[in-house]
Every structure is written in C-alpha cells, then in structure tokens.
Amino acid sequence: MKFFDEAVIEVIAGNGGNGIASFRREKYVPRGGPDGGDGGRGGSIYAVADRNINTLIDYRYARIHRAKRGENGRGADQYGRGADDITLRMPVGTVITDADTGDLVADLAADGARALLAAGGKGGLGNLHFKTSTNRAPRQFTRGEEGEQRRLKLELKVLADVGLLGMPNAGKSTLIRAISAARPKVADYPFTTLAPNLGVVRTSESRSFVVADIPGLIEGAAEGAGLGHRFLRHLARTRLLLHVVDLAPLSEDADPVHDARAIVKELRRYDEALYAKTRWLVLNKLDLVAEAERVKRVKAFVKSYRWKGPVFGISAVNGEGCRELAFAIQEWLDAHPAPTPVADATIELEPVVVSPAPVSTRRRKTER
C-alpha cells in the first residue's frame, strides 16, 4: 500500500427536512386543528481515529463526502426521519484544518478520538408548533436549515518518541533496522527513503519507545530541492531528535560539517519549535574509519561543528554502539515523560448560527 500523508476533502452535511402545514381531516371530527409534523435533522459528518489505519490513501481518491438530508414532515403529526451520520476513519495522528481559513478543526492524537467535521441542519417546524389560543388554524411552517459544508486539509503526523534526522544515505534506515524490528529498504548503493518508517525499540519486557525514520533532507529543501521538507511534519510529535551524520562519505568533496549545518538550517526554516527540540548528535559509519583514527575523527568533527550536546559514535551496519545509544534514549525518555493524550475525546465545532428560514404560508391541498 502506498503511503499518503496528506489529502484535501470536502464534507457536506445533510440539510434538515422541511416542516409541513397540515390539518386533521377525519370523519366526524370537524375542525380537527393543525397536525403538521417537523422535518428530520440532516446527517452530520464525524472523524474518528483508528489505530488500524496508517495512511490517508482512501481520501486521495474519495474526496467528497456527503450526508443525506432529513425527511420532510407529514400530516397526522408525523415527524420526518433524521438522516444517518457519516463517520470517516482516519489514522491516529491526523491533524484536520480548514483548507480555506487554516483554522485547526481537530487533532486526532489518540485512538478513538472523535471530532465533528460538519453539523447537519436542524429540521423545520410544522404548523403544529404555531397553534395558539388566538391562532387555532395556523398555516405557518419553517423550512429545514442547511447543513454545513467545508473543505478540509488532512495531514498525518506519525506518533513517535524519537525522530531520525539527516542527509540522504547517512544511515538512518540502517540504524532503525539495527535497533528495532523495522525492516526498511537498505542497499550498498546511494538512494533515499521515500516514505517514513516506524520501528519499536524494546529495551526490556516493560520498556520500549518508537523511532521514526523520515526521508533525508538536502540543502535547499525549503525551496523544494530533493523531496522538500514536507516530511518534517512527522517529527513534530517526537520528544527527541537524533541527528545522524555520515562520518565517512563516499564522495571526497563532501564535507560532513557543512552538511550537518545545512540540515539544522533547513530544520529551523521549517519550524522554530522543531528546531528547539532536544537534539543528539549520532556520528555513523565508524566502521569505514580506521580504528586508530576513530576517536580523532569524532573529536575533530565535534570541534569544527562546535557541538555542546551529547555525541554518540556508532556503526549501524554492524551494530557497534547502537545498544548503548538505545539504552541512553530510553533513560532520557523515562526522565522526560510525554503528556498522556485523552482517548475517546469528542471534539465538536462551535455551532454555526443560521438565520431562520422565512415562514411560508403557502396552502397545501390538504388544507382546502
């Protein structure tokens, strides 16, 4: 299945059914009075987070979602039937915004979270409601309200504790294979990951964390170079970033320090909050450096890069240093717990005030 992390859809709630002006017509019951029923409510559209779904591919092809309208009222005090609601299942981590205004509609951060996307219109009133002591034969009724209609933008932000950041071919996919059961594609030739990968790292029977590997960035990603920086959204929910640097690039002209600074620059241009997250430096591919020169190479990089934070030298291809890195991450995550999302939370939009429909006095055949 292809991975899609964004889509634009249109949701159209059902209109409310119209009320009716009707009078009781029964043998031996003269002047039976009004008996027009109300119209049924229109169907609403909801979104619910489902952990069994991991892509928005369904909404790349089914772009319009329309609920049915409510039935009209009938005589003999019969109310119209309300339309069924529509529930759209989306992956956990989906952020829903209004495509026209950019306002946040819902953030489905927990399995079972539910949000109202478009409210159905209320049904109109029959003439039964307009009966008074002075108006015993009312011919007024109201029409149903229109349902809400809006364009929505869906963005999937994967739920992970740790995010891997770095240039293409820095060894991020190899690292996630080394510390978790995830099996993204790796090879002995240069290529870049095309879709985010998630891996669960288990450090004990009761302790684990989730790592997210996103496609590599290159300098100029903000201007659309390479795959751009749209995949950085998948790091927004992480608590810790691992900046993976290739310490032994294949090209002799490559400068690891310049590349590392370019990545951080692109990160800051994308989102200041993401740039401010805790970030560790992971120097990869030490197996390609002579053992006698490894410590010297690491110290030279840190000095030139002017890095003050934690540094880990690893070789993801043979697992050297990966175990120590995984346990250090687990200790940091235990010391910095994430806020627990509220499951089964229902998020509803503010009701839209709709002007009442004009009262109709049109006579029906049953009124003669």
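Which residues of E12 are buried on one side, and which on the other? Leu240, Leu242, Val244 and Asp246 lie on one side. Leu241, His243 and Val245 lie on the other. Every one of these residues is buried, and both faces of the strand are covered. In a regular strand the side chains alternate between the two faces of the sheet. Seven of the seven residues of E12 are buried, so the strand is largely enclosed by the rest of the structure.

This is a predicted model. The protein has six helices and 15 strands. It holds 368 residues, of which 46% count as buried. Take the contacts between residues at least 6 apart in sequence: 76% of them join residues at least 24 apart.

Start with the partners of E12. E9 is joined to E12 by five bridges, and the two strands run parallel. Here leucine 164 stands opposite leucine 242 of E12. E12 also pairs with strand E13, residues 278-284. That pairing is parallel too, over seven bridges. Valine 244 has valine 282 of E13 as its bridge partner.

Helix H2 leads back to the same strands. H2 spans residues 172-179. Its buried residues are Lys172, Ser173, Leu175, Ile176 and Ile179. Seen down the helix axis, they fall within an arc of 160°, so they line one face of H2. What do these buried residues pack against? Their partners include strand E9 (162-166) and strand E12 (240-246). Strand E10 (197-202) and strand E11 (208-213) are also among them. Helix H6 (322-335) completes the list.

Now turn to an open sheet elsewhere in the numbering. Five strands form it, in the order E3-E1-E8-E5-E6, and the pairing is mixed. Strand E3 (64-66) and strand E6 (104-108) stand at the edges. Each has a single partner strand, so one side of each is left without a neighbour in the sheet. Neighbouring strands of this sheet are turned by 25° against each other on average, direction ignored. At the E3 edge, three bridges join E3 to strand E1, residues 6-12. E1 and E3 run parallel. Isoleucine 12 has arginine 66 of E3 as its bridge partner.

Next comes a helix pair. Helix H3 covers residues 256-270, and helix H5 covers residues 294-305. Their axes come within 10 Å and cross at roughly 45°. H3 and H5 are therefore oblique to each other. The crossing is right-handed. H3 contributes Pro256, Val257, Ala260, Arg261 and Val264 to the contact. H5 contributes Phe301, Ser304 and Tyr305.

Two loop residues deserve a look at the backbone. Most residues other than glycine have a negative phi. Where is aspartate 77 placed? Aspartate 77 sits in the loop between E3 and strand E4 (86-91). Phi of aspartate 77 is near 60°, a positive value in a residue other than glycine. Aspartate 77 is partly exposed, with a relative accessible area of 42%. Lysine 285 has a phi near 70°, again a positive value in a residue other than glycine. Lysine 285 is found in the loop between E13 and H5. Follow that loop, and the path links two elements already met: E13 pairs with E12, and H5 crosses H3.

How values were computed: Residues numbered from 1 in each chain as written. Predicted model: local features only at pLDDT ≥ 70, side-chain atom pairs only at ≥ 80, totals over all residues. Heavy atoms only, no water. Buried < 20%, exposed > 50% of the residue type's maximum accessible area, 1.4 Å probe, protein only. Helix = DSSP H or I, 4+ residues; strand = E, 2+ residues; numbered from the N terminus. Arc of directions from axis to C-beta. Contact = heavy atoms within 4.5 Å. Pairing = 2+ DSSP bridges. Axes fitted to C-alpha atoms, helices over the stretch in contact; angles between N-to-C directions. Parallel < 35°, antiparallel > 145°, perpendicular 65-115°, else oblique. Left-handed = near helix turned anticlockwise from the far one by under 90°.
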